Every structure is written in structure tokens, then in C-alpha cells.
Amino acid sequence: MKYFEDAVVGEVVEFPEKYTLTEENIIERGREWDPNHIHTNKDRAQSSYFSGLVASTVHLFAIATKLSRTRDDKWAVVSALSITDMLTHTPGRPGDILTGTNAFTGKRISKSKADMGIISYKCELFNQNKELLFEFSGSALYRRNLADGT
């Protein structure tokens, strides 16, 4: 288990697994969470600005969240605290193979809970061509390792 103290500001961690976008999962997620024709209707999407189906931002966020949880080194995360600055740079399309990174951007001990720390991070999602598709920033509450008496 890794704790608050183990986070190194500036460190970038790659996700070990990948996620393949398909027409089926784009349409399914679109129907459930963002029923816009560019996510749900292949024929209508073809005549859109994007010239085909594209994954919704909700779908990309869910993929990034899932991939960030596939690492072997488990962290003592208690809860997410914030998600900010979500940006979609390039559409996710059927056939794209996605992977990503988390970069630790800051950390501090919680002011109200001395046994907890807050870590800030930036998450990025890339396709198989290393193009940046999506990014967001966030912060989360982590347990501290107080075994050393600090």
C-alpha cells in the first residue's frame, strides 16, 4: 500500500492497461449518459462536424478513471475531493486504443484531519498515436502512514 508520503510531486505515472473504443461502447455510453447524435447515431454523426461517431466527455472521463485504477501499486485513497479543468482536445473515435498518465502536481497535510493528506494531480488520456484526447485536474484525500510516529 502506498500512502500520502509516497507521492512525489512532479512524478508521472503511466497506466499499465489500455481501453479500446468501439462503435458499440460509444453508442451505449452515449445513450446512457449523453444522448447526442454524435455519440448515439452512426448515420447522423457521419454528417456532423466530426464526420463520425465520437466518445462523449463523460465516457472519456470514465475511461481515464478506470485506467487509473489498474495499477498494481495500490494507494490509500479515501475519496476524491475535486475534479476541475476538464478539456477535450481531440475526439475519441471507434478503434482508438486509449492509455493515460497521472502526474502528481502538489500535496499538503489536511488542515482538519492530521492523519490525512491531500494530493493534487493531472490526468491525461492519449490515443494509439500519442495524441492527447482528454485531460483533467483533481485532488483526493489520502491516508497518511503514521507508523513512524509523525
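**Exercise 1. Identify the residues that form one aromatic cluster, and describe one aromatic pair by its geometry.**

Solution. Phe61, Tyr121, Phe134 and Phe136 form one aromatic cluster, where rings of Phe, Tyr and Trp (its six-membered ring) pair if their centres lie within 6.5 Å, and planes under 30 degrees apart count as stacked, over 60 as edge-to-face and the rest as tilted. The model is a predicted one, in which local features need pLDDT of at least 70 and side-chain atom pairs count only at pLDDT 80 or more, while totals for chains, interfaces and linings use all residues. Residues are numbered from 1 along each chain as its sequence is written, and side-chain values use heavy atoms, with hydrogens and water left out.

The next step is the search of the whole structure, which finds 6 aromatic pairs. For Tyr49 and Phe50, the ring centres are 5.1 Å apart and the planes stand at 85 degrees, so this pair is edge-to-face. Tyr49 is exposed at a relative accessible area of 77%, whereas Phe50, at 27%, is partly exposed; here buried means under 20% relative accessible area, exposed over 50%, and partly exposed in between, with a 1.4 Å probe and protein chains only.

**Exercise 2. Locate Tyr142 and list what it touches.**

Solution. Tyr142 belongs to strand β6, residues 132–143; strands (E, at least two residues) and helices (H or I, at least four) are DSSP runs, numbered from the N terminus. Its relative accessibility is 8%, so Tyr142 counts as buried. Not counting residues up to four places away in sequence, Tyr142 touches Phe4, Trp75, Ala76, Val77, Val78, Asp115, Met116, Gly117 and Ile119, a contact being heavy atoms within 4.5 Å.

One of these partners, Phe4, has Lys107 over the face of its ring, at 4.7 Å from the ring centre. A charge sits over a ring if NZ of Lys or CZ of Arg is within 6 Å of the ring centre and within 35 degrees of the ring normal.

**Exercise 3. Determine whether Thr70 is buried or exposed, and find its contacts.**

Solution. Thr70 lies in the loop between α4 (57–68) and β3 (77–88), and with a relative accessible area of 16% it is buried. Leaving aside neighbours within four places in sequence, Thr70 is in contact with Pro16 and Glu17. Thr70 and Pro16 are 54 residues apart along the chain, yet their C-alpha atoms are separated by 6.7 Å.

**Exercise 4. State which residues of helix α1 are buried, and what covers them.**

Solution. In α1 (residues 23–33), the buried residues include Asn25, Ile26, Ile27 and Gly30. Their cover includes β2 (19–20), α2 (37–40) and α4.
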